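Here are some exercises to work through with the structure open beside you. Try each task before reading its solution.

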There are 2 protein chains.
Amino acid sequence: MTRRIRTFSRQTADLPSREAAAVDTTFLESLLGYNARRAALTIIEVFLDRMSIYGLRPVDFSLLSLVAHNPGITSRQLCATLGILPPNLVKLVADLDKRGLLQRKPHPTDGRALGLHLTVDGRKMVREAEATVRELEDGVAAPLTPEEREILMTLLRKIYKQ
Amino acid sequence: MTRRIRTFSRQTADLPSREAAAVDTTFLESLLGYNARRAALTIIEVFLDRMSIYGLRPVDFSLLSLVAHNPGITSRQLCATLGILPPNLVKLVADLDKRGLLQRKPHPTDGRALGLHLTVDGRKMVREAEATVRELEDGVAAPLTPEEREILMTLLRKIYKQ
DNA sequence: TATTGTTATACTCTATAACTATA
DNA sequence: TATAGTTATAGAGTATAACAATA
(Lines give C-alpha, C1' and ligand atoms only; values in the text may rest on other atoms or scores of the structure.)
Protein backbone atom coordinates (compact mmCIF):
# COMPACT_ATOMS: atom_id res chain seq x y z
CA MET A 1 0.00 0.00 0.00
CA THR A 2 1.34 3.34 -0.99
CA ARG A 3 0.47 6.38 0.98
CA ARG A 4 0.89 9.88 -0.22
CA ILE A 5 3.45 11.67 1.86
CA ARG A 6 2.15 15.08 2.70
CA THR A 7 4.65 17.85 2.33
CA PHE A 8 4.71 20.83 4.61
CA SER A 9 6.11 24.02 3.32
CA ARG A 10 7.43 26.49 5.80
CA GLN A 11 9.07 29.80 5.43
CA THR A 12 12.78 29.20 5.04
CA ALA A 13 13.84 31.79 7.58
CA ASP A 14 16.35 33.84 5.67
CA LEU A 15 19.74 33.10 7.09
CA PRO A 16 21.22 36.12 8.82
CA SER A 17 22.44 38.15 5.88
CA ARG A 18 24.97 40.92 6.15
CA GLU A 19 22.05 43.32 6.49
CA ALA A 20 20.25 41.37 9.20
CA ALA A 21 23.46 40.90 11.14
CA ALA A 22 23.77 44.67 11.36
CA VAL A 23 20.38 45.02 13.04
CA ASP A 24 20.41 45.72 16.77
CA THR A 25 18.18 43.11 18.40
CA THR A 26 19.47 43.69 21.93
CA PHE A 27 16.12 44.63 23.39
CA LEU A 28 14.09 41.83 21.83
CA GLU A 29 16.73 39.28 22.82
CA SER A 30 16.38 40.41 26.42
CA LEU A 31 12.75 39.21 26.37
CA LEU A 32 11.66 35.76 27.46
CA GLY A 33 8.75 35.75 25.01
CA TYR A 34 10.92 36.57 22.00
CA ASN A 35 13.53 33.95 22.86
CA ALA A 36 10.93 31.27 23.64
CA ARG A 37 9.08 31.90 20.38
CA ARG A 38 12.26 31.90 18.29
CA ALA A 39 13.45 28.65 19.88
CA ALA A 40 10.03 27.03 19.41
CA LEU A 41 9.97 28.05 15.73
CA THR A 42 13.47 26.66 15.20
CA ILE A 43 12.46 23.30 16.65
CA ILE A 44 9.21 23.26 14.64
CA GLU A 45 11.18 23.89 11.45
CA VAL A 46 13.38 20.85 12.10
CA PHE A 47 10.31 18.86 13.13
CA LEU A 48 8.50 19.67 9.87
CA ASP A 49 11.52 18.57 7.87
CA ARG A 50 12.31 15.33 9.68
CA MET A 51 8.71 14.26 10.33
CA SER A 52 7.49 14.84 6.77
CA ILE A 53 8.27 11.18 6.03
CA TYR A 54 5.38 10.27 8.32
CA GLY A 55 3.06 12.98 7.03
CA LEU A 56 2.68 14.25 10.60
CA ARG A 57 2.56 17.87 11.65
CA PRO A 58 3.30 18.72 15.29
CA VAL A 59 -0.40 18.69 16.14
CA ASP A 60 -0.94 15.29 14.48
CA PHE A 61 2.03 13.81 16.29
CA SER A 62 0.99 15.22 19.67
CA LEU A 63 -2.53 13.90 19.16
CA LEU A 64 -1.42 10.39 18.16
CA SER A 65 1.15 10.23 20.97
CA LEU A 66 -1.49 11.22 23.54
CA VAL A 67 -3.89 8.58 22.22
CA ALA A 68 -1.07 6.01 22.33
CA HIS A 69 -0.32 6.76 25.97
CA ASN A 70 -4.00 7.30 26.91
CA PRO A 71 -6.08 4.72 25.03
CA GLY A 72 -9.77 5.61 25.10
CA ILE A 73 -9.09 9.33 25.58
CA THR A 74 -11.95 11.56 24.38
CA SER A 75 -11.86 14.48 21.96
CA ARG A 76 -12.73 16.78 24.82
CA GLN A 77 -9.71 15.65 26.84
CA LEU A 78 -7.50 16.06 23.79
CA CYS A 79 -8.79 19.61 23.32
CA ALA A 80 -8.14 20.53 26.95
CA THR A 81 -4.65 19.02 26.89
CA LEU A 82 -3.46 20.41 23.56
CA GLY A 83 -5.32 23.74 23.64
CA ILE A 84 -7.32 22.96 20.52
CA LEU A 85 -10.94 24.08 20.12
CA PRO A 86 -13.44 21.22 19.65
CA PRO A 87 -14.60 22.28 16.15
CA ASN A 88 -10.98 22.30 14.97
CA LEU A 89 -10.25 18.85 16.36
CA VAL A 90 -12.97 17.16 14.30
CA LYS A 91 -11.06 17.26 11.00
CA LEU A 92 -7.77 16.31 12.67
CA VAL A 93 -9.27 13.14 14.12
CA ALA A 94 -11.31 12.41 10.99
CA ASP A 95 -8.22 12.62 8.78
CA LEU A 96 -6.17 10.34 11.05
CA ASP A 97 -9.16 7.97 11.05
CA LYS A 98 -9.28 8.00 7.22
CA ARG A 99 -5.57 7.19 7.16
CA GLY A 100 -6.26 4.16 9.29
CA LEU A 101 -4.16 5.35 12.23
CA LEU A 102 -6.90 5.60 14.87
CA GLN A 103 -10.49 4.61 15.54
CA ARG A 104 -13.42 6.15 17.34
CA LYS A 105 -15.27 3.71 19.57
CA PRO A 106 -18.31 4.25 21.81
CA HIS A 107 -17.34 5.42 25.27
CA PRO A 108 -17.98 2.73 27.92
CA THR A 109 -19.75 5.02 30.39
CA ASP A 110 -20.69 8.21 28.50
CA GLY A 111 -23.04 7.78 25.56
CA ARG A 112 -22.23 11.24 24.21
CA ALA A 113 -18.49 10.67 24.04
CA LEU A 114 -16.27 8.60 21.79
CA GLY A 115 -13.08 6.92 22.99
CA LEU A 116 -10.08 7.16 20.69
CA HIS A 117 -7.84 4.15 20.10
CA LEU A 118 -4.84 3.60 17.82
CA THR A 119 -4.96 0.93 15.15
CA VAL A 120 -2.06 -1.51 14.71
CA ASP A 121 -0.71 0.79 11.97
CA GLY A 122 -1.16 3.78 14.28
CA ARG A 123 0.79 2.13 17.09
CA LYS A 124 3.60 1.24 14.68
CA MET A 125 3.77 4.80 13.35
CA VAL A 126 3.76 6.38 16.83
CA ARG A 127 6.58 4.06 17.91
CA GLU A 128 8.71 5.05 14.92
CA ALA A 129 7.69 8.71 15.02
CA GLU A 130 8.52 9.07 18.72
CA ALA A 131 11.97 7.64 18.03
CA THR A 132 12.48 10.11 15.19
CA VAL A 133 11.38 13.00 17.42
CA ARG A 134 13.98 11.93 20.00
CA GLU A 135 16.70 11.94 17.32
CA LEU A 136 15.62 15.28 15.94
CA GLU A 137 15.57 16.81 19.42
CA ASP A 138 19.02 15.42 20.09
CA GLY A 139 20.08 17.43 17.05
CA VAL A 140 18.52 20.75 18.08
CA ALA A 141 19.75 20.25 21.67
CA ALA A 142 23.28 19.50 20.49
CA PRO A 143 24.63 22.89 21.66
CA LEU A 144 23.45 22.01 25.19
CA THR A 145 24.90 19.59 27.70
CA PRO A 146 22.47 16.91 28.93
CA GLU A 147 22.24 18.83 32.20
CA GLU A 148 21.46 22.11 30.42
CA ARG A 149 18.82 20.35 28.32
CA GLU A 150 17.07 19.13 31.46
CA ILE A 151 17.36 22.53 33.14
CA LEU A 152 15.88 24.20 30.07
CA MET A 153 12.82 21.94 30.06
CA THR A 154 12.36 22.31 33.82
CA LEU A 155 12.42 26.11 33.56
CA LEU A 156 10.02 26.09 30.59
CA ARG A 157 7.57 23.93 32.51
CA LYS A 158 7.72 26.42 35.40
CA ILE A 159 6.56 29.11 32.99
CA TYR A 160 3.50 27.38 31.55
CA LYS A 161 2.47 25.40 34.64
CA GLN A 162 2.30 28.31 37.09
CA MET B 1 -8.02 62.26 19.18
CA THR B 2 -9.59 58.98 19.99
CA ARG B 3 -8.14 55.80 18.63
CA ARG B 4 -9.98 52.55 18.48
CA ILE B 5 -8.31 50.00 20.66
CA ARG B 6 -8.08 46.77 18.75
CA THR B 7 -9.09 43.76 20.72
CA PHE B 8 -7.41 40.42 20.32
CA SER B 9 -9.33 37.32 21.14
CA ARG B 10 -7.42 34.22 21.94
CA GLN B 11 -8.46 30.82 22.97
CA THR B 12 -8.74 30.77 26.73
CA ALA B 13 -6.79 27.57 27.20
CA ASP B 14 -9.11 25.50 29.29
CA LEU B 15 -7.63 25.27 32.74
CA PRO B 16 -6.61 21.74 33.57
CA SER B 17 -9.95 20.15 34.39
CA ARG B 18 -10.38 16.93 36.31
CA GLU B 19 -10.44 15.14 32.96
CA ALA B 20 -7.32 16.84 31.57
CA ALA B 21 -5.45 16.30 34.80
CA ALA B 22 -5.96 12.57 34.38
CA VAL B 23 -4.26 12.58 30.96
CA ASP B 24 -0.74 11.17 30.86
CA THR B 25 1.44 13.79 29.18
CA THR B 26 4.74 12.32 30.32
CA PHE B 27 6.12 11.73 26.86
CA LEU B 28 5.20 15.12 25.41
CA GLU B 29 6.57 16.89 28.48
CA SER B 30 9.90 15.17 27.91
CA LEU B 31 10.21 17.02 24.59
CA LEU B 32 11.98 20.33 24.17
CA GLY B 33 9.69 21.36 21.33
CA TYR B 34 6.50 20.75 23.30
CA ASN B 35 7.76 22.62 26.36
CA ALA B 36 9.11 25.54 24.32
CA ARG B 37 5.85 25.90 22.39
CA ARG B 38 3.70 25.70 25.53
CA ALA B 39 5.84 28.31 27.31
CA ALA B 40 5.80 30.60 24.26
CA LEU B 41 2.00 30.33 24.01
CA THR B 42 1.61 31.11 27.72
CA ILE B 43 3.70 34.26 27.37
CA ILE B 44 1.85 35.30 24.19
CA GLU B 45 -1.46 34.92 26.00
CA VAL B 46 -0.34 37.30 28.75
CA PHE B 47 1.15 39.62 26.13
CA LEU B 48 -2.13 39.78 24.19
CA ASP B 49 -4.02 40.65 27.37
CA ARG B 50 -1.65 43.28 28.76
CA MET B 51 -0.68 44.86 25.44
CA SER B 52 -4.24 45.20 24.12
CA ILE B 53 -4.33 48.72 25.60
CA TYR B 54 -1.79 49.72 22.95
CA GLY B 55 -3.48 47.77 20.15
CA LEU B 56 -0.20 45.97 19.54
CA ARG B 57 0.18 42.30 18.72
CA PRO B 58 3.56 40.66 19.28
CA VAL B 59 4.54 41.23 15.65
CA ASP B 60 3.56 44.92 15.79
CA PHE B 61 5.50 45.43 18.99
CA SER B 62 8.60 43.63 17.68
CA LEU B 63 8.47 45.67 14.50
CA LEU B 64 8.10 49.02 16.26
CA SER B 65 10.80 48.15 18.80
CA LEU B 66 13.23 47.21 16.04
CA VAL B 67 12.52 50.47 14.20
CA ALA B 68 13.01 52.37 17.45
CA HIS B 69 16.41 50.82 18.02
CA ASN B 70 17.37 50.83 14.34
CA PRO B 71 16.10 54.08 12.79
CA GLY B 72 16.14 53.90 9.00
CA ILE B 73 15.88 50.09 8.95
CA THR B 74 14.38 48.73 5.71
CA SER B 75 11.46 46.35 5.25
CA ARG B 76 13.87 43.76 3.94
CA GLN B 77 15.95 43.89 7.13
CA LEU B 78 12.80 43.61 9.24
CA CYS B 79 11.72 40.56 7.25
CA ALA B 80 15.09 38.85 7.72
CA THR B 81 15.19 39.67 11.43
CA LEU B 82 11.62 38.73 12.32
CA GLY B 83 11.16 35.86 9.85
CA ILE B 84 8.31 37.59 8.02
CA LEU B 85 7.84 37.25 4.26
CA PRO B 86 7.99 40.58 2.38
CA PRO B 87 4.40 40.44 1.06
CA ASN B 88 3.12 39.97 4.60
CA LEU B 89 5.08 42.90 5.97
CA VAL B 90 3.47 45.42 3.64
CA LYS B 91 0.15 45.61 5.49
CA LEU B 92 1.84 45.58 8.90
CA VAL B 93 3.91 48.64 8.03
CA ALA B 94 1.05 50.33 6.18
CA ASP B 95 -1.27 49.95 9.17
CA LEU B 96 1.29 51.34 11.61
CA ASP B 97 1.86 54.19 9.15
CA LYS B 98 -1.90 54.91 9.02
CA ARG B 99 -1.95 54.99 12.83
CA GLY B 100 0.74 57.66 12.73
CA LEU B 101 3.31 55.54 14.55
CA LEU B 102 5.96 55.33 11.82
CA GLN B 103 6.93 56.84 8.51
CA ARG B 104 8.54 55.54 5.34
CA LYS B 105 11.24 57.83 4.01
CA PRO B 106 13.44 57.46 0.91
CA HIS B 107 16.61 55.48 1.63
CA PRO B 108 19.73 57.71 1.53
CA THR B 109 21.79 55.38 -0.69
CA ASP B 110 19.36 52.85 -2.24
CA GLY B 111 16.61 54.26 -4.45
CA ARG B 112 14.65 51.02 -4.30
CA ALA B 113 14.47 50.89 -0.54
CA LEU B 114 12.56 52.88 2.06
CA GLY B 115 13.93 53.66 5.50
CA LEU B 116 11.51 53.30 8.41
CA HIS B 117 11.41 55.88 11.18
CA LEU B 118 9.16 56.28 14.22
CA THR B 119 7.04 59.39 14.64
CA VAL B 120 6.95 61.25 17.94
CA ASP B 121 3.79 59.31 18.81
CA GLY B 122 5.51 56.09 17.80
CA ARG B 123 8.50 56.76 20.04
CA LYS B 124 6.20 57.54 22.95
CA MET B 125 4.22 54.33 22.43
CA VAL B 126 7.35 52.17 22.13
CA ARG B 127 8.74 53.65 25.33
CA GLU B 128 5.54 52.86 27.24
CA ALA B 129 5.00 49.49 25.51
CA GLU B 130 8.53 48.30 26.25
CA ALA B 131 8.01 49.16 29.92
CA THR B 132 4.73 47.22 29.94
CA VAL B 133 6.42 44.23 28.31
CA ARG B 134 9.06 44.28 31.05
CA GLU B 135 6.34 44.26 33.72
CA LEU B 136 4.38 41.50 32.02
CA GLU B 137 7.52 39.38 31.67
CA ASP B 138 8.32 39.95 35.33
CA GLY B 139 4.92 38.38 35.97
CA VAL B 140 5.37 35.29 33.81
CA ALA B 141 8.94 34.87 35.11
CA ALA B 142 7.80 35.15 38.72
CA PRO B 143 8.28 31.39 39.39
CA LEU B 144 11.95 31.80 38.40
CA THR B 145 14.82 33.38 40.28
CA PRO B 146 16.61 36.18 38.41
CA GLU B 147 19.47 33.74 37.79
CA GLU B 148 17.12 31.08 36.40
CA ARG B 149 15.48 33.66 34.16
CA GLU B 150 18.86 34.57 32.67
CA ILE B 151 19.86 30.92 32.29
CA LEU B 152 16.58 30.17 30.54
CA MET B 153 17.11 32.94 27.97
CA THR B 154 20.74 31.95 27.43
CA LEU B 155 19.76 28.33 26.76
CA LEU B 156 16.93 29.36 24.41
CA ARG B 157 19.32 31.54 22.42
CA LYS B 158 21.69 28.57 22.09
CA ILE B 159 18.85 26.64 20.44
CA TYR B 160 17.88 29.15 17.77
CA LYS B 161 21.31 30.67 17.14
CA GLN B 162 23.16 27.42 16.44
C1' DT C 1 -29.71 22.64 32.24
C1' DA C 2 -25.00 21.23 30.86
C1' DT C 3 -21.83 18.62 27.95
C1' DT C 4 -19.98 15.85 23.64
C1' DG C 5 -19.32 15.90 19.10
C1' DT C 6 -20.41 18.20 15.06
C1' DT C 7 -21.41 21.66 10.97
C1' DA C 8 -20.95 25.99 9.00
C1' DT C 9 -18.44 29.92 8.71
C1' DA C 10 -15.34 33.88 9.34
C1' DC C 11 -11.10 35.84 10.36
C1' DT C 12 -6.08 35.74 10.84
C1' DC C 13 -1.66 33.97 9.56
C1' DT C 14 1.51 32.26 6.24
C1' DA C 15 2.87 31.17 1.60
C1' DT C 16 3.76 31.64 -3.71
C1' DA C 17 3.71 34.02 -8.17
C1' DA C 18 4.37 37.97 -10.56
C1' DC C 19 4.79 42.93 -11.37
C1' DT C 20 7.62 47.89 -11.15
C1' DA C 21 11.30 50.43 -10.21
C1' DT C 22 16.01 50.63 -9.21
C1' DA C 23 20.80 48.47 -8.38
C1' DT D 1 20.63 40.01 -13.88
C1' DA D 2 19.42 40.73 -9.06
C1' DT D 3 16.99 43.11 -5.35
C1' DA D 4 13.23 46.24 -2.70
C1' DG D 5 8.70 46.95 -2.34
C1' DT D 6 4.27 45.74 -3.79
C1' DT D 7 -0.30 43.32 -5.44
C1' DA D 8 -3.18 39.47 -5.76
C1' DT D 9 -4.35 35.25 -4.06
C1' DA D 10 -4.36 30.66 -2.01
C1' DG D 11 -3.94 27.70 1.85
C1' DA D 12 -3.40 26.71 6.84
C1' DG D 13 -4.55 27.90 11.45
C1' DT D 14 -7.80 29.64 14.84
C1' DA D 15 -12.14 31.63 16.28
C1' DT D 16 -17.54 31.88 17.28
C1' DA D 17 -22.45 30.42 16.84
C1' DA D 18 -25.58 26.90 16.75
C1' DC D 19 -27.40 22.21 16.38
C1' DA D 20 -28.63 16.98 17.82
C1' DA D 21 -27.84 13.45 21.11
C1' DT D 22 -26.99 12.35 25.72
C1' DA D 23 -25.88 13.41 30.74
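The exercises below concern a predicted model, and each comes with a worked solution.

**Exercise 1. The layout of chain A**

Task: Find how many helices and strands chain A has, and write down their pattern along the sequence.

Solution: Start by counting elements: chain A has eight helices and two strands. Next, follow the chain along its sequence, which gives the pattern α-α-α-α-α-α-β-β-α-α. Then turn to burial: of the 162 residues in chain A, 34% are buried. Finally, look at the contacts in chain A with a separation of 6 or more; 53% of them join residues 24 or more positions apart.

**Exercise 2. Two helices that cross**

Task: Describe how α5(A) and α6(A) are arranged, and decide whether they are roughly parallel or roughly perpendicular.

Solution: First locate the helices, with α5 at residues 75-82 of chain A and α6 at residues 86-98 of chain A. Their axes come within 10 Å and cross at roughly 110 degrees. Angles of 65 to 115 degrees count as roughly perpendicular, so α5(A) is roughly perpendicular to α6(A). The crossing of α5(A) past α6(A) is right-handed. Now list the residues that make the contact: α5(A) supplies Ser75(A), Arg76(A), Leu78(A) and Cys79(A), while α6(A) supplies Pro86(A), Leu89(A) and Val93(A). Sorted by character, the residues of this contact are five nonpolar, one polar and one charged.

**Exercise 3. Where chain B touches chain A**

Task: Work out how many residues of each chain are in contact with the other, and which element of chain B gives the most.

Solution: Begin with the totals: 58 residues of chain B are in contact with 58 residues of chain A. On the chain B side, the elements that give two or more residues include α1 (18-21), α4 (58-69) and α8 (146-160) of chain B. The element that gives the most to this side is α3(B), with 13 residues. As a last step, sort the chain B side by character: 30 residues are nonpolar, 15 polar and 13 charged.

**Exercise 4. The largest nonpolar core**

Task: Find how many residues the largest nonpolar core has, and which of them have the most contacts inside it.

Solution: This core has 82 residues. Those with the most contacts inside it are Ala36, Leu64 and Val67 of chain A and Ala36, Leu64 and Val67 of chain B. Among elements, α3(B) gives the most to the core, with eight residues. To finish, take Leu64(A): leaving out residues up to four places away in sequence, Leu64(A) touches Leu96(A), Leu101(A), Leu102(A), Leu118(A), Gly122(A) and Val126(A).

How values were computed
Residues numbered from 1 in each chain as written. Chains lettered and ligands numbered in written order. Predicted model: local features only at pLDDT ≥ 70, side-chain atom pairs only at ≥ 80, totals over all residues. Axes fitted to C-alpha atoms, helices over the stretch in contact; angles between N-to-C directions. Helix = DSSP H or I, 4+ residues; strand = E, 2+ residues; numbered from the N terminus. Parallel < 35°, antiparallel > 145°, perpendicular 65-115°, else oblique. Left-handed = near helix turned anticlockwise from the far one by under 90°. Contact = placed C-beta atoms within 7 Å. Nonpolar A, V, L, I, M, F, W, Y, C, P; charged D, E, K, R; others polar. Core = buried A, V, L, I, M, F, W, Y, C linked by C-beta atoms within 7 Å. Buried ≥ 20, exposed ≤ 12 C-beta atoms within 10 Å, placed from the backbone.
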